[in-house]
Every structure is written in C-alpha cells, then in structure tokens.
Amino acid sequence: LRLFAQTDRLSFPVSGRAMLVDPGLQQRELSTVISTTWNRATRTGMAWSANLTYSLATTGPALAGIPVTGTMERLRDGPPYELAASGPSTRHRTSLQWRGEPRPITALGLHQQPVIGVSGSWTLSTRGAPGATVIGELVDGEPARVWEYTSDGESSRWRGNELTLWAADEVHVHPRVDVDLGLRAAMSSASRGGVGGHITWSALSPSILGTYRAISNGRLTFLAGYARYASRLPLNSLAYGDPHSLAGTVRRWNDTNHERQLQVGEGGIVLAAVGPCCAFGQPNSIADDLSAPKMKEIRAALQTRITDTMVLRLGGTDRRQYRLIQPVNSVAVYPNYALAHVEDKALDQLVDADDQLLPIFDRLPVSFGKDTYVLQNVDGNSARDHGLDLVFERIYDGRWGMLIGATAHKSEGNGGNRGYRP
C-alpha cells in the first residue's frame with residue numbers, strides 16, 4: 001500500500017484580461033493531489049493494482065469580476081475571447097483505476113500474456129464570472145474591431161463522468177514475431193443542468209502492433225502498428241448555451257482620433273454576436289448528435305542494435321483526425337459574404353511560382369447581427385500530423401546512458417479563430 005500527497009502554489013504574470021490593464025499583475029494557482037495505490041498478487045497467479053486519486057485545482061486571475069477596457073494586437077495576443085474568458089475557477093476530480101494481469105496462458109498453440117483494466121472518473125468544474133470586458137482589436141497595428149463581452153455574473157457548474165474498460169494481449173506468434181492487441185471502450189457524459197445541457201458519447205478504440213526480429217539476436221527489428229483513438233469529452237463544450245457563460249458583440253472600431261487606443265464612443269455598427277452563451281438573447285446550442293472526434297494512427301519503426309550498448313532507431317508516424325468539433329454560425333458564407341482577392345505581398349523569390357492571390361471573404365451588411373451558433377461535428381474539419389524520429393541510444397555499464405535524437409514533422413489543419421467564431 002502506497003500513499004502520495006502533493007500541494008503546489010504558483011504565481012506568474014497574467015495571461016488573460018488583466019494584461020490589458022497591467023501585464024505585471026500576478027495570477028495565482030493552487031493544486032493538491034492525494035493518491036493511494038494497493039498492489040497485490042493472489043495465489044492463483046493474478047497480479048493486480050488499484051489506485052484512488054483525488055485532485056483539486058483553483059485559479060485566481062487578477063482583476064476577476066472587475067470591468068476591464070483595453071487594447072490588444074491580434075497577431076501578438078491571439079483571439080479576444082481567450083482574454084475575456086479568464087475568470088476564477090475550481091476543479092475537483094476523483095478517479096478510480098484497477099489493473100489486473102493474469103498468469104500467462106497458451107491458447108490456439110500461442111503463448112499469450114493478457115492484461116485487463118477498468119477505470120472511472122468524476123469531475124466537477126466551477127467557473128466564476130470574469131467580469132465585463134471591452135477590447136479594442138488591432139490587426140498588424142491597424143484598428144479593426146471592438147469586442148464587448150459580459151455575463152449575468154453567476155458561476156457555471158459543469159459535471160463530467162467517464163467509464164473505461166480495456167484489455168490488451170501480447171501474443172508470441174513465432175520466436176521472431178510478437179503481436180500486441182488492444183481494445184478500449186469508453187463511455188462519457190457531461191452536464192450542466194437546464195435545457196440542452198447534457199452530452200453523452202461512447203467510443204471503441206482498437207489497436208495492433210507487430211514486432212518482427214529479422215535477425216534472431218535482435219540486431220535488426222521491424223515494428224508496425226495501427227490504432228484508432230477517440231477524443232475525451234471536454235467540459236468546456238458545455239459553455240455553449242450556458243446562460244452563465246459569456247455573451248457579446250463585435251463592432252467596427254471607428255478610431256477617429258487615430259490614437260490606436262480604444263476610447264468611449266469609438267464602437268461603430270454591430271457586425272456580429274459572439275460568445276458561447278447566446279446571440280442577442282437567443283441561446284446557442286449543442287448538437288444532439290455530438291460525438292467524439294476520431295483519430296487514426298499508423299506507425300512503423302526500424303531498430304538496429306549496433307553493439308550490445310548502442311541502438312539506432314528510425315520511426316515514422318501518421319495521425320489523422322476526422323469530424324472535429326467547432327461552433328457553426330447560422331450565417332452561411334453564401335450569400336452573406338462577397339469573395340474578393342488581394343495580391344500576396346509576402347515572400348517573393350522572383351519567380352512566377354510564388355505569385356498568388358489570396359481569397360478574402362467580405363461580410364455583407366445584410367447579415368450583420370443575425371448570428372446563432374451550434375456546437376457540432378464538422379465533416380470537412382480534419383487534421384493531419386506526420387513525422388519521422390531518429391534516435392541514437394548509448395548505454396554505459398548499465399548505470400547511465402545517453403540519448404541523441406532528431407525529429408521532423410508536419411501538421412496540417414484548419415486555422416482557429418479566423419473571423420467571428422465565438
């Protein structure tokens with residue numbers, strides 16, 4: 001039986017709405033973890049381990065609940081919503097895990113080592129109201145828009161539960177061939193209470209990894225595998241339609257005095273509604289068929305043992321995610337936007353190949369202020385990450401070693417916060 005406890009208290013410069021007033025202000029976080037583990041081996045050959053963990057984390061940003069007005073640079077500071085949404089929060093999480101490893105078995109003439117497990121978790125998150133925020137947005141130094149966020153001042157309370165069953169089996173097919181099989185079943189739910197405030201999804205995630213020792217002494221080994229994964233259910237999805245979440249508007253910034261500092265009265269015509277709560281009093285919503293985004297992974301590796309103390313590995317991985325989740329605006333591109341093109345004046349290599357026109361979608365006034373949002377899976381919203389890893393490992397007399405590695409990878413996906421996404 002083992003018992004572990006840890007408490008951390010951190011203070012660091014603010015990264016939220018308070019930085020609009022004074023970047024030197026401090027944000028404080030406190031976290032506590034208590035964990036106990038029980039290991040046991042039975043007479044029947046079953047070895048098992050059980051773990052119970054409780055964690056508590058609190059965040060106290062500066063100027064919480066106080067109205068803030070300031071100016072930001074989009075290219076440096078990121079999306080305005082991330083600044084405006086930084087409020088006090090408390091998160092409780094309790095998890096219970098059990099893992100069992102029976103004695104090796106022989107089935108169908110194959111030597112196997114099965115492992116089984118089950119886990120459950122319960123989470124409660126409370127997010128306080130950050131306070132009203134008015135942000136003047138500069139884009140590359142030019143006044144662009146005014147973002148105004150507010151809430152009803154009440155705290156949001158979100159709950160989440162997850163139950164997972166899993167099994168793995170290491171199968172020795174041949175003295176030179178091993179196959180690792182895995183299967184994970186997960187059921188998740190999250191709720192906040194009220195209409196439309198409940199999400200449930202389930203997923204089945206299989207995996208297989210094969211190992212082939214081309215040379216019996218282990219000097220040359222090939223590995224190849226395939227796996228499917230499902231995303232975990234994030235509690236912040238419950239912000240959509242939550243009456244205590246942020247709501248706001250985006251206006252044109254009429255910087256008549258050309259000072260590039262937002263002042264009273266410089267907010268112009270309303271362009272769009274923003275914020276996950278609601279749009280001009282009409283609640284946003286979560287799609288009834290919201291489901292976990294899926295990811296497929298293919299990986300392969302080649303390992304050679306140069307000597308008894310030196311190993312060289314080259315591996316490659318390709319991961320692809322499908323049907324990612326995003327808020328979808330009821331104001332469709334057609335016929336509410338006009339397409340135009342501008343010349344790309346970036347890198348010029350003095351060849352025709354880098355000459356291009358960039359498409360610009362200009363929102364038409366007829367659609368101003370007609371926004372509502374639905375959080376849903378989007379078929380065309382996918383992402384891909386693929387790369388190579390080269391690792392050289394040197395072991396010195398079994399007590400210490402050295403690793404030298406190099407990585408090359410490429411990620412592709414839709415950019416976030418490109419326009420009036422809440």
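The following exchange concerns the sheet, strand pairs, cavities and cores of a predicted model.

Colleague: What should be known about the model and its numbering?

Modeller: This is a predicted model, in which local features need pLDDT of at least 70 and side-chain atom pairs count only at pLDDT 80 or more, whereas totals for chains, interfaces and linings use all residues. Residues are numbered from 1 along each chain as its sequence is written, and side-chain values use heavy atoms, with hydrogens and water left out.

Colleague: Why are β8 and β9 called paired strands?

Modeller: Strands are DSSP runs of E with at least two residues, helices are runs of H or I with at least four, and both are numbered from the N terminus. Two strands pair if DSSP finds at least two bridges between them. Strands β8 (residues 133-139) and β9 (residues 142-150) are joined by 7 bridges and run antiparallel, so they meet the definition of a pair. One of the bridges links Thr133 to Tyr149 in β9.

Colleague: What makes β4 and β15 edge strands?

Modeller: The open sheet has 5 strands in the order β4-β8-β9-β14-β15, with mixed pairing. Because β4 (68-73) and β15 (267-274) each have a single partner strand, one side of each is left without a neighbour in the sheet. From one strand to the next, the twist averages 25°, an angle that runs from 0 to 180 degrees between the N-to-C directions of axes fitted to C-alpha atoms.

Colleague: Which strands does β7 pair with, and how do you know?

Modeller: The bridges show it. Strand β7 (residues 110-127) shares 12 bridges with β5 (residues 89-101), 3 with β6 (residues 105-107) and 17 with β10 (residues 156-174). The β5 pairing is antiparallel, as are those with β6 and β10. Among the partners, Arg93 bridges to Thr123 in β7, Ile105 stands opposite Gln112, and Gly120 bridges to Leu163 in β10. The hairpin of β6 and β7 has 2 residues between the strands, and Leu108 there takes a positive phi near 55°.

Colleague: What makes a space count as a cavity?

Modeller: On a 1 Å grid over the protein atoms alone, a cavity is a set of points where a 1.4 Å probe fits but cannot get out; lining residues have an atom within 4 Å of a point. Grid points are joined across faces, edges and corners, and the volume is the space filled by probe spheres set on them. The whole structure has 3 cavities of 30 Å³ or more. The largest holds about 190 Å³. Of its 18 lining residues, Ala85, Arg127, Gly128, Pro130 and Ser245 are the closest to its centre.

Colleague: Which residues line the second largest cavity?

Modeller: This cavity holds about 70 Å³. Its lining includes Glu162, Arg184, Trp201 and Leu233. Two or more lining residues come from each of β11 (177-191) and β12 (198-213).

Colleague: Why is a group of residues called a nonpolar core?

Modeller: The term denotes buried Ala, Val, Leu, Ile, Met, Phe, Trp, Tyr and Cys residues joined through side-chain atoms within 4.5 Å, where buried means under 20% relative accessible area with a 1.4 Å probe and protein chains only. In the largest core, of 16 residues, Leu20, Ile135, Trp147, Tyr149, Leu246 and Val274 touch the most other members. At least two residues come from each of β4, α2 (80-84), β9 and β15, and α2 gives the largest share, 3 residues. A second, separate core has 13 residues, including Trp158, Leu233, Ala292 and Leu375.

Conventions. On a 1 Å grid over the protein atoms alone, a cavity is a set of points where a 1.4 Å probe fits but cannot get out, and a pocket is an open set with protein on both sides within 12 Å along at least five of seven lines; lining residues have an atom within 4 Å of a point. Buried means under 20% relative accessible area, exposed over 50%, partly exposed in between (1.4 Å probe, protein chains only).
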